[in-house]
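I sat down with this model to see how its sheet and helices fit together. Here are my notes, in the order I looked things up.

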Amino acid sequence: MLWAIIVAVVVYFIYKFVNESNDVVAKTEKEGGMRKKYHVLLDFILTGHSDAKIVQETRTFISAGVSNYGGSTMFYIQQSSGGKCIIRYEIKNNPIISNYQLQWIFPDDMDQTLMLARMIADIQKKSF
């Protein structure tokens, strides 16, 4: 009997996870996909450096930035359940700046210029 309860609980959580994942994908696709939904953020990232580009894109994730002989500076944008957008900023292998990461969680419908203002302020604090 105990095994039946454990299996039922596991099946419930798997169903709930899959259902939430499908909802996130459907909502993002309804809004035009990651490139369109987060175009303000992506425009800022891609115009910041001539070598910047979109590196990877899925239905709920997009990464963009620069990776060259001077290291890499990347932004990772993840559409998450519960109406959340998770953004991670990462600098690696830069000869001048030590490796570090910053992460933000914003409501996915928040004005992206406000997201950028917060991110820029935090990056400046960390860099100086």
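I began with one pair: Ser63 stands opposite Tyr76 in strand 3. Helices (H or I, at least four residues) and strands (E, at least two) are DSSP runs, numbered from the N terminus. Two strands count as paired if DSSP finds at least two bridges between them.

A note on the ground rules: the model is predicted, so local features need pLDDT of at least 70 and side-chain atom pairs count only at pLDDT 80 or more, while totals for chains, interfaces and linings use all residues. Residues are numbered from 1 along each chain as its sequence is written, and side-chain values use heavy atoms, with hydrogens and water left out.

**The sheet**

Ser63 and Tyr76 led me to the pairing of strand 2 (residues 61-68) with strand 3 (residues 71-80), which is antiparallel over 8 bridges. I then traced the whole sheet: 5 strands make an open, antiparallel sheet in the order 1-2-3-4-5. Strand 1 (53-57) and strand 5 (100-107) are at the edges with a single partner strand each, so one side of each has no neighbour in the sheet. From one strand to the next, the twist averages 20 degrees. Angles here run from 0 to 180 degrees between N-to-C directions, with axes fitted to C-alpha atoms, for helices over the stretch in contact.

Next I checked the other pairings. Strand 3 and strand 4 pair in the antiparallel sense over 9 bridges, with Ser80 opposite Lys84 in strand 4. Their hairpin has 3 residues between the strands, and Gly82 takes a positive phi near 75 degrees there. Strand 4 and strand 5 are antiparallel too, over 8 bridges, and Glu90 stands opposite Gln101 in strand 5.

**The helices**

Reading from the N terminus, I get α-α-α-β-β-β-β-β-α. Helix 3 (residues 39-47) lies across strand 1, strand 2, strand 3 and strand 4 (84-92), at about 10 degrees to strand 2. Helix 4 (residues 112-127) also packs on the sheet, touching strand 3, strand 4 and strand 5, and its direction makes about 160 degrees with that of strand 5. Contact means heavy atoms within 4.5 Å.

Which residues of helix 4 are buried? I found Gln112, Met115, Leu116, Met119, Asp122 and Ile123. (Buried is under 20% relative accessible area, exposed over 50%, partly exposed in between, with a 1.4 Å probe and protein chains only.) These residues cover an arc of only 135 degrees around the axis, which puts them on the same side of helix 4; the arc is that of the directions from the helix axis to the C-beta atoms. Their cover includes helix 2 (33-37), helix 3, strand 3, strand 4 and strand 5.

**A closer look at Phe75**

Is Phe75 buried or exposed? Phe75, in strand 3, has a relative accessible area of 9%, so it counts as buried. Beyond its neighbours within four places in sequence, Phe75 is in contact with Ile45, Ile62, Ser63, Ala64, Ile87, Arg88, Tyr89, Met119 and Ile123. Phe75 and Ile87 are 12 residues apart along the chain, with C-alpha atoms separated by 6.9 Å.

**Whole-chain totals**

Last, I noted that 32% of the 128 residues count as buried. Among contacts with a separation of 6 or more, 32% join residues 24 or more positions apart.
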